[in-house]
Amino acid sequence: MKNIRIWGGRPLDGTVYIQGSKNAALPVMAAAVLHKGMTVLHDCPKIADVFFMEKILSHLGAKTCWKDHFGHLGHSLYLDCSDLRATDIPDEYASRMRCSIILLGALLGRFGQGAIAPPGGCVIGKRPIDLHLSMLRALGTHIEEHPKVLRACAADLDGELYGARIRFAKQSVGATEHGMIAAVLAKGTTYLENCAKEPEVVWLAQALNGMGASVTGAGTDQIRIEGVEALHDSAFQVPPDRIVAGTYLCAAAATRGKICIENPPLSEMSAFLGVYGKMGGQYDVIGGKLIADASGACGPITRLETDVYPGFSTDLQSPVMAVLALARGKSHIRENIFEDRFRVAEDLVRMGAHIRINGRDAYIDGTERLYGCRVTAQELRGGAALILAGLAAEGETTVDDFHLVERGYEQIQEDIRSLGGRILVEGE
């Protein structure tokens with residue numbers, strides 16, 4: 001099992017390039033199933049979740065390979081889905097990747113049928129799939145729910161899905177993306193209402209349109225999909241990951257450092273940059289680069305609430321908590337998205353943080369210093385937060401179960417080293 005050792009107490013300083021977005025790449029990979037040909041993702045992140053989605057596509061019959069592109073060595077992922085044969089996704093895949101459910105809509109669009117083991121649970125909170133299943137049923141899908149498998153097929157004898165007007169009971173990024181994918185090859189027009197507005201939804205729409213789909217309205221609460229008969233070969237440029245960019249700014253803030261981000265996704269970071277500014281962080285944008293001075297980022301946040309986009313992202317709540325643990329004053333975080341996303345607080349307290357959890361509220365009394373110790377990553381973003389805390393702490397910190405962090409961060413240890421951090425990965 002991998003762990004990561006950190007020797008803290010050194011402000012970060014240097015330049016970093018942000019990897020491609022995990023949350024943009026994965027749904028586009030799923031959408032590739034719809035096309036009997038080649039889909040290419042440039043600047044695709046080499047992270048565990050992408051590799052696992054690649055394994056699922058290979059199981060279905062896709063041919064995959066990585067190639068170089070414009071100096072980014074090996075970061076173009078080629079997906080040839082010409083000869084897919086399988087229409088099932090077994091438990092060994094579905095239980096390990098929550099977003100695998102969106103492949104069911106892609107299989108229905110391509111083959112008129114599909115089967116998947118119910119996706120596994122999530123330690124940060126419940127992620128029910130009822131929105132996904134009700135959406136598929138509205139498009140004309142018959143679904144049999146069994147304890148170990150979901151079997152779906154087009155109810156119509158011709159094996160086609162048909163456009164419909166669908167209103168989601170609540171905004172969900174996954175359900176919105178799933179609806180877009182499932183409706184692309186459906187007959188007629190589909191209207192999705194109360195849609196998620198996250199950038200990843202917009203990027204998926206752009207990728208689908210680049211494949212020959214007709215999707216309009218992404219980024220608003222209503223999306224219109226005009227069904228097409230077939231898609232064509234395409235290439236998609238994966239955008240920089242806004243969560244990774246925010247994490248590195250938090251690393252600078254935790255260590256009171258100064259960093260430069262070469263390719264910041266500024267249009268997607270307004271809510272986070274507002275919080276960063278309230279903490280005392282400063283930044284300029286010069287020549288498309290974000291120059292951040294976090295030497296004074298020591299202020300508390302009276303009240304911070306996570307929310308759907310364009311609000312403050314739940315994925316950056318744990319990294320910000322690590323920063324606020326060292327703030328000069330009292331902070332309050334309200335978690336509105338996932339009911340169990342404060343798991344990292346226990347380990348931060350072990351490092352010397354003063355944090356009290358009450359349901360969906362975290363009350364943080366900033367302290368002057370944290371102390372290195374052995375802690376454990378329980379999920380992706382919490383694991384990243386523990387690394388940030390280790391960078392700011394006195395002494396040595398070991399974060400166990402580093403493989404969870406690798407689900408979303410391609411080379412966090414190398415990036416931190418390039419910024420002057422002292423960090424070492426150990427284990428398999």
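**Reading terms in a predicted model**

Student: Why is Arg-407 called partly exposed?

Tutor: Its relative accessible area is 29%. Buried means under 20%, exposed over 50% and partly exposed in between, with a 1.4 Å probe and protein chains only, so the value for Arg-407 falls in the partly exposed class. The model is a predicted one, in which local features need pLDDT of at least 70 and side-chain atom pairs pLDDT 80 or more, whereas totals for chains, interfaces and linings use all residues. Residues are numbered from 1 along each chain as its sequence is written, and side-chain values use heavy atoms, leaving out hydrogens and water.

Student: What makes the contact of Arg-407 and Asp-49 a salt bridge?

Tutor: The term requires a side-chain nitrogen of Lys or Arg within 4 Å of a carboxyl oxygen of Asp or Glu. The side chains of Arg-407 and Asp-49 meet at 2.9 Å, N to O, so the pair satisfies the rule. It links distant parts of the chain, 358 residues apart: Arg-407 is in the loop between β23 (396–400) and α13 (412–418), and Asp-49 is in helix α2. Helices (H or I, at least four residues) and strands (E, at least two) are DSSP runs, numbered from the N terminus. Unlike Arg-407, which is partly exposed, Asp-49 is buried, at 5%.

Student: How do you know that Glu-200 and Arg-242 tie together separate parts of the sequence?

Tutor: The closest N and O atoms of this salt bridge are 3.0 Å apart. Glu-200 lies in helix α7 (residues 199–210) and Arg-242 in helix α8, so the bridge joins parts 42 residues apart in sequence. Both Glu-200 and Arg-242 are buried.

Student: What makes Arg-334 and Asp-361 a salt bridge, and which elements hold them?

Tutor: Their closest N and O atoms are 2.6 Å apart, so the cut-off is met. Arg-334 belongs to strand β19 (residues 330–334) and Asp-361 to strand β21 (residues 361–365), parts that are 27 residues apart in sequence. Arg-334 is partly exposed, at 24%, whereas Asp-361 is buried, at 9%. Elsewhere, salt bridges that share partners join Arg-5, Glu-396 and Glu-426 into one network. The whole structure holds 20 salt bridges.

Student: Why is the ring pair of Tyr-276 and Tyr-283 called tilted?

Tutor: Rings of Phe, Tyr and Trp (its six-membered ring) pair if their centres lie within 6.5 Å; planes under 30 degrees apart are stacked, over 60 edge-to-face, and the rest tilted. Here the centres are 6.4 Å apart and the planes stand at 50°, so the pair is tilted. Tyr-276 is buried, at 0%, and Tyr-283 partly exposed, at 35%. Ring pairs link these two tyrosines with Phe-272 and Phe-312 into a cluster.

Student: How do you know that the charged end of Lys-67 sits over the ring of Tyr-78?

Tutor: The rule asks that NZ of Lys or CZ of Arg be within 6 Å of the ring centre and within 35 degrees of the ring normal. The charged end of Lys-67 sits over the Tyr-78 ring, 4.6 Å from its centre. Arg-165 likewise sits over the ring of Tyr-191, at 4.3 Å from its centre.

Student: What makes a group of residues a nonpolar core?

Tutor: Such a core is a set of buried Ala, Val, Leu, Ile, Met, Phe, Trp, Tyr and Cys residues joined through side-chain atoms within 4.5 Å. The largest one has 77 residues, and Ile-89 and Met-180 are among those touching the most other members. Helix α1 (residues 22–31) gives the largest share, seven residues.
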